[in-house]
Structure formats: structure tokens, C-alpha cells
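Good morning, colleagues. Please look at the structure on the screen while I walk through a few of its features.

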Amino acid sequence: MKIEESSIVETNDYRVIIYPASRPFSPKEAKDIAERLYEFLSTWAAHGKPLEASFKIEKNQFIIVCVDEEKEMASGCSIDALGGLMREFDKEYKLGLFDRMKASYVENGEVKTLKLLDFKNKIRSGELSRDIEVFDFSKNTYLDFLSHFLQPLSRSWAHNI
């Protein structure tokens, strides 16, 4: 099954939900996640009204779901349904998608993830360079995701560590 690129136009009004894994996906996992997510989003609805949504797997480790809320708002129940699918992936593949006590960064061109305390300690001790780039999983609009998902440490949420 070919996963089509997103048809969503880049505007601030599209909601982004980021599910960060603690490790890269294997090829089999990425294929299974993409196929099941594609199937889920094709029937995803809020109060019986279809949601226009797309997704991408970023850096082979982060699942990014984008919803066009100008057409229909994602409701609590629809977000819960998406969360249920993500919990299935998390349980099946042990991905740590709901572990918010971690930090992911790029060092020497490679995505790495550490427990948040270990990340802070390595920054403070100088074991990790202050020249790294850090991912920010709090982005909730597509334009913010595009321009601020990966930031130099000095401009990131971790700059005061």
C-alpha cells in the first residue's frame, strides 16, 4: 500500500499531534504503523462527521498526525480513539510513545533519545555538546511544527539546563 503525501495546506489552523517513540522503528514496525494509521485516518470521525487528517513518520521515530480543524474539530472522543490506536502500537512494539520524561536530540546527524534526567545531567556535565539540536514535542500547529520542531539547544526548551 502506498502512503500518499499529505494534501493539507500549511497554515496555522491545522492541529498537530506528536507521538514520540523512544527508539527508531524497524522497517516492519514502520510499515505496520503506516498501514494501520492510514486505515484508521480514512474513517476517523468526530460526532459522526469525517475528519480530514494525514500523518507522517518523521525521522523514523516520531508519528505526526495533522488534522484540518477548519473543516471539523477533533472531539475528545475522536482524540481518545486516536490515542487508543497509539496505545496499541505502544504496547505491541514497546515504543514509549506516552513517556513524556525523555528528550530526543540530534548529535552527529543521528537521532538519540535519553531519559530526561540523563539528558539534563549530560548537558550540565558537558558530556553532550551545547551544539546539538533538540526536538520539541509540544508543537500543536503545523506551521509551528515545521519551523520549531527541531531547534538548536540554545533556542530550545532545554536552553536553561
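Tyr93 belongs to helix H2, which spans residues 76-93. I should say at once that this is a predicted model, and that everything I describe is computed from it.

Is Tyr93 buried or exposed? Its relative accessible area is 12%, and because buried means under 20%, Tyr93 counts as buried. Which residues does Tyr93 touch, leaving aside those up to four places away in sequence? The contacts are Arg23, Lys28, Glu29, Asp32, Ile33 and Arg36. Please also compare sequence and space for the pair Tyr93 and Glu107: they are 14 residues apart in sequence, and their C-alpha atoms lie 25 Å apart.

Glu107 brings us to strand E6, residues 102-107. Six of the six residues in E6 are buried, so by the cut-off of under 20% relative accessible area this strand is mostly covered. The covering applies to both faces. On one side we find Lys102, Ser104 and Val106, and on the other Ala103, Tyr105 and Glu107, all of them buried. I would draw the attention of the biochemists here to the presence of Lys102 and Glu107 among these buried residues.

Which strands pair with E6? One partner is strand E7, residues 110-115, which pairs with E6 in the antiparallel sense over six bridges. Within that pairing, Lys102 has Lys115 of E7 as its bridge partner. The hairpin formed by E6 and E7 has two residues between the strands, and Asn108 there takes a positive phi near 55 degrees. Strand E8, residues 133-135, also pairs with E6 in the antiparallel sense, over two bridges. In this case Tyr105 stands opposite Val134 in E8.

Let us stay with E7 for a moment. Glu110 is found in this strand. How accessible is Glu110? Its relative accessibility is 47%, and it therefore counts as partly exposed. Glu110 and Lys59 are 51 residues apart in sequence, yet the distance from C-alpha to C-alpha is 9.4 Å.

I turn now to strand E1, residues 14-20. Six of its seven residues are buried, so E1 is largely enclosed by the rest of the structure. Strand E5, residues 62-68, runs antiparallel to E1, and seven bridges join the two. In this pairing, Ile18 stands opposite Ile64 in E5.

Finally, the protein as a whole. Its secondary structure comprises four helices and nine strands. Read from the N terminus, the order of elements is β-α-β-β-β-β-α-β-β-α-β-α-β. The radius of gyration is 16 Å, which agrees with the value near 15 Å that a compact globule of 161 residues would have. Along the principal axes, the C-alpha atoms fill a box of roughly 55 × 35 × 30 Å. Of the 161 residues, 43% are buried. Among contacts between residues at least 6 apart in sequence, 63% join residues at least 24 apart.

As for the surface, the protein exposes about 9000 Å², and carbon and sulfur atoms supply 50% of that area. There are 23 positive and 27 negative side chains, with the centres of the two sets 6 Å apart.

To close, I return to the two strands treated above: E6 is mostly covered, and E1 is largely enclosed by the rest of the structure. Thank you for your attention.

Note on methods: Residues are numbered from 1 along each chain as its sequence is written. This is a predicted model: local features need pLDDT of at least 70, side-chain atom pairs count only at pLDDT 80 or more; totals for chains, interfaces and linings use all residues. Side-chain values use heavy atoms; hydrogens and water are left out. The radius of gyration is taken over C-alpha atoms; the globule rule is 2.2 Å times the number of residues to the power 0.38. Buried means under 20% relative accessible area, exposed over 50%, partly exposed in between (1.4 Å probe, protein chains only). Contact means heavy atoms within 4.5 Å. Accessible areas come from the Shrake-Rupley method with a 1.4 Å probe; for residues, only the protein chains shown count as cover. Lys and Arg count as positive and Asp and Glu as negative; His and the chain ends are not counted. The place of a charge is taken as NZ of Lys, CZ of Arg, CG of Asp or CD of Glu. Two strands pair if DSSP finds at least two bridges between them.
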